[in-house]
Amino acid sequence: MNNKPIVLIFSGIYLPGVNGGGPIRTISNLVASLGDEFDFHIITSDRDLGGKIAYSNVISNEWNLVGKAKVYYTKPNISLSQLATIINGIDYKVIYLNSFFNVKFTIFPLLLRRLGKIKNMPIVLAPRGEFSLNALSLKSKKKNYFIRVASFFGLYNNLIWQASSSHEELDITSNLNLFKIPYKEVRVCQNLPDTNIVYKDFSFNPNLMKICFLARVSKMKNLDFVLHILQNIKNNIFLGIYGPKEDLNYWAKCEKIIKELPDNIKVKYFGAVPNEQVRDIISNYDLFFVPSKGENYGHVFVESFSAGTPVLVSDLTPWRNLHEKNIGWDISLDNIEGFSKAIGSYAQLTDKEKLFMRESTLKFAEYLTKDETVLNANKQLFNNLI
């Protein structure tokens with residue numbers, strides 16, 4: 001008999017999807033780490049972000065066993081009443097939402113709660129960086145209007161909010177107060193990292209520096225910034241770009257910059273890659289460069305650490321003081337020269353210094369994977385509500 005408490009998770013994208021980015025990793029890592037203590041049921045879409053056809057290896061509108069979780073893959077046309085039927089068939093103790101704006105996988109459950117169509121159990125909402133200044137600035141008028149309407153109808157009243165860092169906690173509380181949304185608490189609970197680490201021999205090419213960009217091709221991930229920085233680099237560089245083209249107009253802008261790059265900068269776009277290949281890909285590069293305009297966590301940076309590849313990132317993520325740790329650089333996006341200097345500094349290192357940097361990066365990843373405080377905080381997030 002299964003006596004584990006049921007946590008019902010809603011997420012717009014889940015495995016085997018690859019285009020959804022960090023939330024997929026956040027939830028899959030949570031399930032892998034805590035699946036022996038909680039019975040995770042996940043309701044999600046039956047296709048990847050932007051996908052027109054369902055996954056070939058799942059059964060839609062049925063429960064599927066995926067790792068330690070039961071996953072219900074819904075078709076795009078699911079109705080409120082159908083969703084209510086699925087939810088009411090589960091004896092859940094907590095509902096866990098993973099977006100503020102998602103219609104079917106956040107607003108629908110909240111609306112059903114407001115209408116009294118489902119059990120009124122504790123709800124945790126993790127906005128996953130959606131309240132950062134740069135994230136809210138994208139389609140700002142539409143988002144502002146939506147928040148005001150949702151606030152007026154009390155959809156988000158009296159939830160528990162999860163922030164992945166103290167920086168995100170400030171983003172959440174300031175916006176909840178701004179829009180007068182009452183809340184029970186905002187709890188800082190860092191995301192759980194994947195515990196896999198790639199140990200491999202790495203050879204350095206003195207005549208070529210390999211830089212990896214692996215993220216969604218979107219304004220938030222800032223690929224055009226990478227390309228503008230490389231325009232002024234004199235070293236021979238190969239830039240490998242991985243990730244789905246989320247914004248085709250933005251990709252067209254990046255392609256234009258790529259065509260104008262000097263001959264010493266070579267660029268290749270490889271497309272989206274499965275989650276399980278991310279570490280191996282990053283481990284083949286000298287430097288990981290994703291100057292994101294904001295991250296509540298940034299799983300891909302942890303994956304870079306665990307691949308032994310130092311990172312070059314903006315100061316808008318939780319990963320700070322990297323240079324002091326000898327594992328990379330975190331620099332303000334206003335400091336264009338700082339990014340150029342960081343690339344130049346790495347290029348001038350001896351092979352021994354580069355190897356030491358890779359070893360420092362792997363040791364930092366080992367520290368992250370063994371940090372029991374993060375694991376216990378995630379346990380308590382649910383235990384305190386059950």
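**A walk through the sheet, two buried residues and some salt bridges**

Hi everyone, let's start with the sheet: eight strands make an open sheet with mixed pairing, in the order 3-4-2-1-5-6-7-8. At its edges sit strand 3 (63-66) and strand 8 (185-188), each of which pairs on one side only. From one strand to the next, the twist averages 25°. Please keep in mind that this is a predicted model.

Let's look at one edge. Strand 3 pairs with strand 4 (residues 69-74) in the antiparallel sense, over four bridges. Which residue in strand 4 is the bridge partner of Trp 63? That partner is Tyr 72.

Those two residues come back when we turn to Ile 86, in helix 2 (residues 80-88). Leaving aside neighbours within four places in sequence, Ile 86 is in contact with Trp 63 and Tyr 72, and also with Ile 43 and Ile 78. Ile 86 and Tyr 72 are 14 residues apart along the chain, and their C-alpha atoms are separated by 8.8 Å. Is Ile 86 buried or exposed? Its relative accessibility is 11%, so Ile 86 counts as buried.

Over at the other edge, helix 6 (residues 166-178) lies across strand 7 (160-163) and strand 8, running at about 145° to strand 7.

Now for the charged pairs. Side chains of opposite charge can pair when their charged atoms come close. How many salt bridges does the structure hold? There are 16 salt bridges.

One of them joins the side chains of Asp 194 and Arg 279, at 3.7 Å from N to O. This pair links distant parts of the chain, 85 residues apart: Asp 194 is in the loop between strand 8 and strand 9 (209-214), and Arg 279 is in helix 9 (residues 278-282). Asp 194 is partly exposed at 22%, while Arg 279 is buried at 8%.

Asp 194 also touches Asn 29, a residue of helix 1 (residues 22-34). Beyond neighbours within four places in sequence, the contacts of Asn 29 also include Leu 192, Pro 193 and His 299. With a relative accessibility of 8%, Asn 29 counts as buried.

For another setting, take Lys 341 and Glu 337, whose closest N and O atoms are 3.4 Å apart in a salt bridge. Both lie in helix 12 (residues 336-347), four residues apart, about one turn of the helix. Lys 341 and Glu 337 are both exposed. Finally, salt bridges with shared partners join Arg 25, Asp 194, Arg 279 and Glu 303 into one network.

Thanks for listening!

Definitions and conventions
Residues are numbered from 1 along each chain as its sequence is written. This is a predicted model: local features need pLDDT of at least 70, side-chain atom pairs count only at pLDDT 80 or more; totals for chains, interfaces and linings use all residues. Side-chain values use heavy atoms; hydrogens and water are left out. Buried means under 20% relative accessible area, exposed over 50%, partly exposed in between (1.4 Å probe, protein chains only). Contact means heavy atoms within 4.5 Å. Two strands pair if DSSP finds at least two bridges between them. Axes are lines fitted to C-alpha atoms, for helices over the stretch in contact, and angles run from 0 to 180 degrees between N-to-C directions. A salt bridge is a side-chain nitrogen of Lys or Arg within 4 Å of a carboxyl oxygen of Asp or Glu.
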